[in-house]
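Here is a short report on one protein chain. Have the sequence and the model open while you read.

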Amino acid sequence: MLDAEFFRRWMTATAAAVEREATRLTDLDSPIGDADHGSNLRRGFTAVAAVLESDAPDTPGAVLVLAGRQLISTVGGASGPLYGTLLRRTGKELGDAAQVSQEQFADALRAGVDAVEKLGGASVGDKTMVDALEPAVAEVGASFAAAAEAAGQGAEATIPLIARKGRASYLGERSVGHQDPGATSTALLFTALAETAAGGEGAV
């Protein structure tokens with residue numbers, strides 16, 4: 001079972017991963033976006049880690065709702081609303097339970113991914129974060145490590161695609177050959193999840 005501490009550690013681990021990879025994310029964003037994906041997410045997840053340290057919600061759902069709300073309020077561009085929607089919707093689906101199973105988390109995350117797809121209008125193959133989200137959410141119920149691997153593979157699979165959503169879509173065929181930064185940061189999110197689970201703390 002997974003408790004609030006597990007989800008808080010996941011968000012903190014994600015913040016650390018984004019901090020490490022912020023320059024790479026911005027470098028990926030430079031040729032096909034606004035060259036701000038890394039800096040935007042760094043600002044957002046730094047704020048998430050800070051608010052969770054000071055507030056310390058006592059349920060998994062409350063942790064994710066607070067994290068999502070913080071991202072929406074602090075991150076510019078499209079990534080704030082998209083990541084914020086993912087976490088808030090997932091958290092709301094988890095409700096007020098003090099502990100949740102891996103399967104319950106997977107079901108809630110499915111609702112979060114659906115909300116992201118509705119908000120952004122993107123599907124697999126459009127060269128967006130959905131290309132990493134969909135394969136990851138399919139594995140979460142069985143294995144966090146498999147979800148992280150699937151997200152990473154999904155991100156790499158965006159390289160040959162033509163972007164059909166977001167600013168990158170304006171480039172048409174010139175977007176081919178570039179890995180999508182949103183899919184790449186999504187892979188970081190799931191890698192942090194797998195690392196948190198491997199650490200064992202917060203899982204009861």
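What share of the contacts in the protein chain with a separation of 6 or more comes from residues 24 or more positions apart? The share is 68%. Keep in mind that this is a predicted model.

**Overall build**

The protein chain has eight helices and two strands. Read from the N terminus, the order of elements is β-α-α-α-α-β-α-α-α-α. The radius of gyration is 16 Å, close to the 17 Å that the globule rule gives for 204 residues, so the chain is as compact as a globular protein of that length. Along its principal axes, the C-alpha trace spans about 50 × 30 × 30 Å. Of the 204 residues, 52% are buried.

**The core**

The largest nonpolar core holds 53 residues. Phe7, Trp10, Met11, Phe105 and Phe190 have the most contacts inside this core. At least two core residues come from each of these helices: H1 (4-29), H2 (37-55), H3 (60-74), H4 (79-94), H5 (102-120), H6 (130-140), H7 (144-156) and H8 (181-199). H1 gives the most, with nine residues.

Methionine 11 is a good place to look inside. Setting aside neighbours within four places in sequence, methionine 11 is in contact with Phe45, Val48, Leu52, Val63, Leu64, Ala67, Leu87 and Leu189.

**Helix H1**

How far does H1 span between its end C-alpha atoms? The span is only 33 Å, while a straight helix of 26 residues would cover 38 Å at 1.5 Å a residue. H1 also has a kink of about 60°, centred on glutamate 21. At the N-terminal end of H1, aspartate 3 acts as a cap. A side-chain oxygen of aspartate 3 lies 3.2 Å from the backbone nitrogen of glutamate 5.

**Helix H4 and the loop after it**

Three residues are worth following here. Threonine 90 is in helix H4, and so is leucine 94. Glycine 95 is in the loop between H4 and strand E2 (99-100).

Is threonine 90 buried or exposed? Threonine 90 counts as buried, because its relative accessibility is 1% and the cut-off is under 20%. Leucine 94, at 9%, counts as buried too. Glycine 95 has 28% relative accessibility and therefore counts as partly exposed.

The table lists their contacts, leaving out residues up to four places away in sequence.

| Residue | Relative accessibility | Contacts |
|---|---|---|
| Threonine 90 | 1% | Leu64, Phe105, Ala108, Leu109, Gly112 |
| Leucine 94 | 9% | Phe7, Pro60, Gly61, Leu64, Val100, Gln104, Phe105, Ala108 |
| Glycine 95 | 28% | Thr59, Gly61 |

Some partners recur. Leu64, Phe105 and Ala108 are in contact with threonine 90, and leucine 94 touches Leu64, Phe105 and Ala108 as well. Gly61 is among the partners of leucine 94 and also of glycine 95. Two of the residues with the most contacts inside the core, Phe7 and Phe105, are touched by leucine 94.

Two C-alpha separations add to the picture. Leucine 94 and alanine 62 are 32 residues apart along the chain, and their C-alpha atoms are separated by 8.6 Å. Glycine 95 and aspartate 114 are 19 residues apart along the chain, with 17 Å between their C-alpha atoms.

Terms used:
Residues are numbered from 1 along each chain as its sequence is written. This is a predicted model: local features need pLDDT of at least 70, side-chain atom pairs count only at pLDDT 80 or more; totals for chains, interfaces and linings use all residues. Side-chain values use heavy atoms; hydrogens and water are left out. A nonpolar core is a set of buried Ala, Val, Leu, Ile, Met, Phe, Trp, Tyr and Cys residues joined through side-chain atoms within 4.5 Å. Buried means under 20% relative accessible area, exposed over 50%, partly exposed in between (1.4 Å probe, protein chains only). Helices (H or I, at least four residues) and strands (E, at least two) are DSSP runs, numbered from the N terminus. Contact means heavy atoms within 4.5 Å. The expected span of a helix is 1.5 Å times one less than its number of residues. The bend at a residue is the angle between axes fitted to the seven residues ending there and the seven starting there. A polar contact is a pair of N or O atoms within 3.5 Å; within protein, one must be able to donate a hydrogen and the other to accept it, and residues adjacent in sequence count only if both atoms are side-chain atoms. The radius of gyration is taken over C-alpha atoms; the globule rule is 2.2 Å times the number of residues to the power 0.38.
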